[in-house]
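Visitor: I would like a close look at a single part of this structure. Please take me through one sheet, strand by strand.

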Amino acid sequence: MMSELINMTWYMCMYSLMAVPLTLSYRTSRVLNFAHGVYITIGAYIPVLISKGLSIKVPIPLALFTSFATGALLAVITHILVFSPLIKRRSAPVTLMIASMGAWIFIKYMFYALLGVLQKMWMTPLFYTSPNIDIPSTITLVGISVDTKFLFALTLTSIVFLLLTLFLTKTKTGMAIRAVADNLELAQISGISRERTLVITWAISGGLAAIGGLIWSLFAYVSPETGDSVILQVFACSVIGGLVNLPLTFVGSIIISSSENILIVFLHNYLGTPLSFRPFISFFVLVMTILVRPPAGAGGGLPYRYFPKFKTLYERALRVKKNNV
Amino acid sequence: MAAQLPRLLAFLVIGLLIGAGATYAYMSSVMSTVHADLNAKIEELNGKISSLQSIINELNRTVEYKIGVTLPLTGELADVGVQWRTVVEMAFEDLNKEMQKYGIKVKFTPVIQDDKALPTEALVVIQTLHQAGIKVIIGPAASSQVKAVKSYADENKILVISPSSTAPTLAIPGDYIYRTVGSDAGQAKALAALIKSQGINKIIIFHRDDEYGVAFEEFLEREFKALGGTAIGMAYATGLPDYASEVAQLSARAKEEKVEGIVMITFDTDGVNILSHAKDDSFLLSLRWFSSEGVHGAWGLLEEDIANFIKATHLLGTRPLFRENPLLHEFVTRYKARTGHDPPVFSANLYDAVMLAGWAIVRAGRYDGEAIRDSLVEVAKKYYGTSGLTMFDDNGDKLFQDYSIWTVKFSEREQKYVYVEVGSYSAGVITLEE
């Protein structure tokens with residue numbers, strides 16, 4: 001069970017670092033960004049490209065900085081070139097979503113082409129590989145040998161979310177981001193620049209997703225499909241958070257990671273469920289969440305629609321929320 | 001008389017003039033008829049000369065045939081898929097050189113498409129190539145993909161030659177699917193014999209939950225039981241980004257069942273991922289490991305930490321290969337000179353698939369799927385290539401298939417980890433060099 005708990009913690013760190021920025025970008029910009037997966041992939045590959053290209057062991061601070069900066073830059077460029085022009089033309093959300101799909105496909109296959117060229121130039125495999133990061137495999141703490149990468153992932157995740165919380169609650173820019181997310185018109189009347197806020201939000205979103213990719217590269221091999229292969233689980237975490245609630249998105253990452261690593265073990269051991277059902281668990285949780293608690297405040301869920309008592313409770317809760325606002 | 005002379009002369013001149021005019025008119029009509037006849041004859045001759053010229057031009061013209069190639073350039077098999085692309089390029093270059101050498105005015109052009117190692121994408125690629133008029137396709141790589149394209153290929157008479165699909169369930173006679181590699185029914189025998197020869201009696205077969213993995217597990221379990229061993233199958237979902245949870249379960253199950261060995265039936269990327277997690281498990285490190293050909297050629301196995309795991313567990317694998325073939329050695333040398341590393345698994349089979357397709361088209365004399373298929377069978381009977389004898393059995397699979405036993409070792413000469421062949425399986429006999 002210890003190995004399952006360790007795996008669950010790894011996944012929780014990765015999914016939270018990938019899903020929370022997705023929620024942050026959606027609640028601020030109202031763009032359901034399908035290109036989010038490529039930020040994860042790029043973040044995972046930056047230390048690979050540095051270590052293979054320069055034939056060095058990449059120091060952790062350099063890996064962190066370059067991954068964050070590249071993910072942030074890519075997200076900002078995507079916003080400036082794709083989303084911003086469409087937002088200025090008051091495009092419908094579905095148009096923005098489709099545009100994000102176009103950006104996703106474009107960036108992904110440009111990256112494939114780049115890897116193909118670099119692989120030939122450097123004569124080293126790049127399509128399924130791992131970075132050479134300067135980190136010891138184990139360290140001894142109070143007499144116990146601990147996997148350094150695991151400890152680093154856990155510590156980094158904690159620090160990132162602490163800093164994000166402080167940023168969003170204690171800084172002017174963070175509060176401006178929350179204001180734009182909660183009430184755009186009021187924020188603009190208050191003198192908050194929407195465009196500047198969106199650029200900063202996309203930078204944070206892309207950068208954090210890239211950090212999630214970096215953590216992935218410490219855990220498993222990376223490929224150009226890395227981001228795409230986890231994007232549905234990442235969306236599942238965000239949907240549990242209603243696509244707007246950051247703390248609930250973090251809870252979503254705990255739910256999804258534990259269902260993939262702990263729940264499947266119970267199902268396999270006690271009900272004989274094949275291990276190949278693991279992907280099904282995440283999507284079952286996603287579908288149940290959408291039915292019971294639709295994301296982004298889209299009406300009441302199943303219990304509210306079919307059980308009058310729940311409907312009354314829900315309406316009462318809505319009235320209370322309106323009165324508080 | 002003298003007085004009438006001028007009148008007579010006048011009549012003579014007038015008569016001459018009239019006669020000349022009449023004669024001229026007559027001759028003109030006659031000559032125009034002759035001219036018309038001659039022109040008609042000249043035109044007829046010109047027409048014959050043109051058609052002869054066309055025939056001569058046709059005989060001198062180089063006919064270009066396109067052969068479709070569907071490769072996993074992205075997705076699960078991308079690691080070896082991009083290496084296979086180089087094999088395809090080499091094969092087409094050599095095929096066209098042979099055509100020139102024998103004075104055959106034919107040129108073959110590959111049309112390479114990416115099928116992402118997905119069955120749905122393979123079908124899309126086959127349909128796209130068919131719409132472009134292509135009747136011969138090399139690939140796809142995976143058995144699940146071959147299964148997905150089979151009915152479309154059979155209905156539209158598209159010859160599909162897969163160099164790496166090995167599922168015994170696809171050994172079906174009379175269709176348009178041909179495979180330049182022996183089915184896993186043979187490899188299961190080889191792998192079972194290898195495992196037993198190492199003194200292992202109880203194993204877990206950790207396999208992909210797809211056409212390839214399920215069929216291989218079934219045949220391996222049967223063969224291993226026939227040799228007196230016990231085998232337990234454990235399937236895992238394909239296409240996942242990571243298998244840490246599955247490896248943890250494998251370890252738990254292996255402890256519970258007290259197995260002596262693990263057999264992995266994987267592709268390249270999932271195989272590398274599984275080993276990258278297995279190396280951190282002390283119990284799995286204490287067992288013997290075996291593998292099919294699926295993970296052979298993956299770069300990840302040559303990384304130090306995984307290579308050390310392979311050494312610690314004495315991992316041995318089988319793969320379809322005729323080791324003693326001099327043509328194979330020549331191909332490997334050329335491939336290595338071009339890329340700096342050895343070719344991955346199924347490279348020889350892929351190379352021969354291209355050569356066979358080309359010669360089958362030439363022998364058929366026309367670009368028709370049915371004619372080329374019939375011609376392929378005849379060409380294969382007499383062709384000896386990098387993979388050895390290429391003759392097909394009644395199901396369209398390679399009839400004569402030997403297996404090589406491989407592992408990963410550190411090369412002192414190259415100062416890096418490399419794939420090495422350490423034995424072979426032929427005619428029911430295992431020969432190991434270590």
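Guide: What follows is a walk across one sheet of chain B, with a short look at chain A at the end. Keep in mind that this is a predicted model.

Start with the layout. Eight strands of chain B make up an open sheet. Their order is 7-6-8-9-10-13-14-15, and the pairing is mixed. Strands in a sheet pair through backbone hydrogen bonds, and they can do so parallel or antiparallel.

Now find the edges. Strand 7 (230-236) and strand 15 (429-432) of chain B are the edge strands, and each pairs on one side only. On average, neighbouring strands of this sheet are turned by 25 degrees against each other, ignoring direction.

A helix packs on this sheet. Helix 6 of chain B, residues 211-226, touches strand 6 (202-208), strand 7 and strand 8 (261-265) of chain B. The direction of helix 6 makes about 165 degrees with that of strand 6 of chain B.

Next, move to strand 9 of chain B, residues 288-291. Strand 9 runs parallel to strand 10 of chain B, residues 316-320. Two bridges join this pair. Look for B:Phe290: B:Leu316 of strand 10 stands opposite.

Strand 10 of chain B also pairs with strand 13 of chain B, residues 403-411. Here the two run antiparallel, joined by four bridges. B:Thr318 faces a partner in strand 13 of chain B, as B:Ile405 stands opposite.

One step on is strand 14 of chain B, residues 416-426. Nine bridges join strand 14 to strand 13 of chain B, and the two run antiparallel. In this pair, B:Lys409 stands opposite B:Val418 of strand 14.

Strands 13 and 14 of chain B also form a hairpin. Four residues lie between them. Look at B:Gln415 in the turn: its phi is positive, at about 55 degrees.

As you trace any regular strand, remember one rule. Side chains alternate between the two faces of the sheet.

Now glance at chain A. Chain A holds 13 helices and four strands. Of its 325 residues, 44% count as buried. Take the contacts in chain A between residues at least 6 apart in sequence: 71% of them join residues at least 24 apart.

Finally, check the confidence. Chain A has a mean pLDDT of 86, and 90% of its residues reach 70 or more. Over residues 297-304 of chain A, pLDDT stays under 50. For that stretch, the model has 15 contacts beyond four places in sequence.

How values were computed
Residues numbered from 1 in each chain as written. Chains lettered and ligands numbered in written order. Predicted model: local features only at pLDDT ≥ 70, side-chain atom pairs only at ≥ 80, totals over all residues. pLDDT = per-residue confidence, 0-100. Contact = placed C-beta atoms within 7 Å. Pairing = 2+ DSSP bridges. Axes fitted to C-alpha atoms, helices over the stretch in contact; angles between N-to-C directions. Buried ≥ 20, exposed ≤ 12 C-beta atoms within 10 Å, placed from the backbone.
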